[in-house]
Amino acid sequence: MTTSPPGSPSTPGSTDWSSIDEIAGVVRTCTNCRLHSGRTNAVPGDGSPVASILIIGEGPGFNEDQQGLPFVGRSGKLLDELLAEVPLSRKGVFITNVVKCRPPDNRDPLPDEVAACRPYLERQMELINPKVIVTLGRHSYLRFYPDGKISRDHGKILRWNDRILFPLYHPAAGLRNPAIKRDLREDVLRLPEALRESLKIKSATLPEADEVPGRPEPVGVHQPTAPQAQTSQANSPEEANAGGSLSEPVIGNETTEEKGDRQLGFF
Ligand code: SF4
């Protein structure tokens, strides 16, 4: 049984929140799914409300839940370092997650939790109107491209409706795997190219909130491999480490600090 906060929509896409701050206020008191009961703080997102780049992770981890801010642990520090190489700072982008409250034990958010939180992300996308959407990790990417495969598509400049979709490995996966960290760094350096490609898209009409996300089209010189039948399951340890279930064995003897540092949906 869920409840709706004042002003919340009854269906995704029917939101009428007028600002990012207003959404944040609603999120902080939201009880629309079971995740509200275990949170210390909801994490609506942080950054510029007029950013050209919207970065979307999966969900808050321990440190994020404690501070109410996205990506504030070790993976956040790596993200900051990578953005600085472009150069970009947090003030120049907006960072949020698919779900705004931390799932217990950092498990994957359940489909009904993602659905309950979807209106907030949809409205954030509408209001910010970013030219480039950067997804971090497999689960965030799959929200836009259910047949996607992060080990294949990371760093590719894709067109999603009238925006650029730029999937990246999750920084936490980079902390675990030097090869992924190297790929992540190389990919982030292509962000300016992704922005340039976005400027070629004349209209920025928004997708209907209920629209099933379509298959992104590659743009620019970097073509993806021919589309093949894909599943959303991780096929290899690297894939799993890049964005698989939290129950994957690669987590191994994770320390409390590491557990707190990571966000969801990337290993
Ligand atoms: S995860 Fe989203 S829908 Fe669920 S309680 Fe938090 S803000 Fe509300």
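**Helix H8**

Begin by selecting helix H8, residues 178-188, in which Ile180, Leu184, Asp187 and Val188 are buried. These residues span an arc of only 90° around the axis, and therefore they sit on the same side of H8. Rotate the view to the face turned away from that buried side; it carries the exposed residues Pro178, Ala179, Arg182 and Glu186.

**The chain as a whole**

Next, display the complete protein chain. The model is a predicted one. Its secondary structure amounts to 11 helices and seven strands. The chain has 267 residues, of which 48% count as buried. Of the contacts between residues at least 6 apart in sequence, 78% join residues at least 24 apart.

Colour the chain by pLDDT before proceeding. The mean for the protein chain is 78, and 70% of the residues reach 70 or more. Two segments should be marked. Over residues 1-14 the pLDDT stays under 50, and the model has 26 contacts beyond four places in sequence for them. Over residues 206-213 the pLDDT also stays under 50, with 11 such contacts in the model.

**The surroundings of the ligand**

Now centre the view on the ligand. Which residues are the closest to the ligand? They are Cys30, Cys33, His36, Cys101 and Cys117, from a shell of 14 residues. By type, the shell divides into nine nonpolar, three polar and two charged residues. Select helix H4, residues 111-128, as well: H4 gives the most to this shell, with three residues.

Keep His36 selected. It is found in the loop between H1 and strand S1 (46-47). Is His36 buried or exposed? His36 counts as buried because it has 20 C-beta neighbours inside 10 Å, and 20 is the number at which a residue is classed as buried. Leaving aside neighbours within four places in sequence, His36 is in contact with Cys30, Thr31 and Cys101. Add Lys100 to the selection: His36 and Lys100 are 64 residues apart in sequence, yet their C-alpha atoms are 9.1 Å apart in space.

**Helix H1**

Move to helix H1, residues 20-28. Its buried residues are Ile20, Ile23, Ala24, Val26 and Val27. Because they cover an arc of only 165° around the axis, they lie on the same side of H1. Display H4 again here, for H4 is included in what covers the buried residues of H1.

**Helix H3 and Arg74**

Select helix H3, residues 74-84. The buried residues of H3 are Ser75, Gly76, Leu78, Leu79, Leu82 and Leu83. They occupy an arc of only 160° around the axis and so fall on the same side of H3. The face turned away from that buried side carries the exposed residues Glu81 and Ala84.

Arg74 also lies in H3. With 18 other C-beta atoms within 10 Å, Arg74 is partly exposed. Measure from Arg74 to Leu175 in the viewer: these residues are 101 apart in sequence and 8.2 Å apart in space, C-alpha to C-alpha.

**The nonpolar core**

Select Leu54, Ile55, Ile133, Val134 and Phe166 together. Of the 59 residues in the largest nonpolar core, these touch the most other members. In soluble globular proteins, nonpolar side chains tend to be buried together. Then take Ile55 on its own: apart from neighbours within four places in sequence, Ile55 is in contact with Val93, Ile95, Val134 and Leu136.

**Backbone features in three loops**

The last stops concern backbone geometry. Most residues other than glycine have a negative phi, and most peptide bonds are trans.

Select Phe71, in the loop between helix H2 (62-67) and H3. Its phi is near 55°, a positive value in a residue other than glycine. Phe71 counts as buried because 28 C-beta neighbours lie inside 10 Å.

Continue to Asn161, in the loop between strand S5 (158-160) and strand S6 (163-168). The phi of Asn161 is near 55°, again a positive value in a residue other than glycine. Asn161 has 19 C-beta neighbours inside 10 Å and therefore counts as partly exposed.

Finish with Val86 and Pro87. What is the form of the peptide bond from Val86 to Pro87? This bond is cis, with omega near 0°. Pro87 is placed in the loop between helix H3 and strand S3 (94-97).

Conventions:
Residues are numbered from 1 along each chain as its sequence is written. This is a predicted model: local features need pLDDT of at least 70, side-chain atom pairs count only at pLDDT 80 or more; totals for chains, interfaces and linings use all residues. A residue is near a molecule or strand if its C-beta atom, placed from the backbone, lies within 6 Å of it. Helices (H or I, at least four residues) and strands (E, at least two) are DSSP runs, numbered from the N terminus. Ala, Val, Leu, Ile, Met, Phe, Trp, Tyr, Cys and Pro count as nonpolar, Asp, Glu, Lys and Arg as charged, and the others, Gly among them, as polar. A residue is buried if 20 or more other C-beta atoms lie within 10 Å of its own, exposed if 12 or fewer, and partly exposed in between; C-beta atoms are placed from the backbone. Two residues are in contact if their C-beta atoms, placed from the backbone, lie within 7 Å. A nonpolar core is a set of buried Ala, Val, Leu, Ile, Met, Phe, Trp, Tyr and Cys residues joined through C-beta atoms within 7 Å. The arc is that of the directions from the helix axis to the C-beta atoms. pLDDT is the predictor's confidence in each residue, from 0 to 100.
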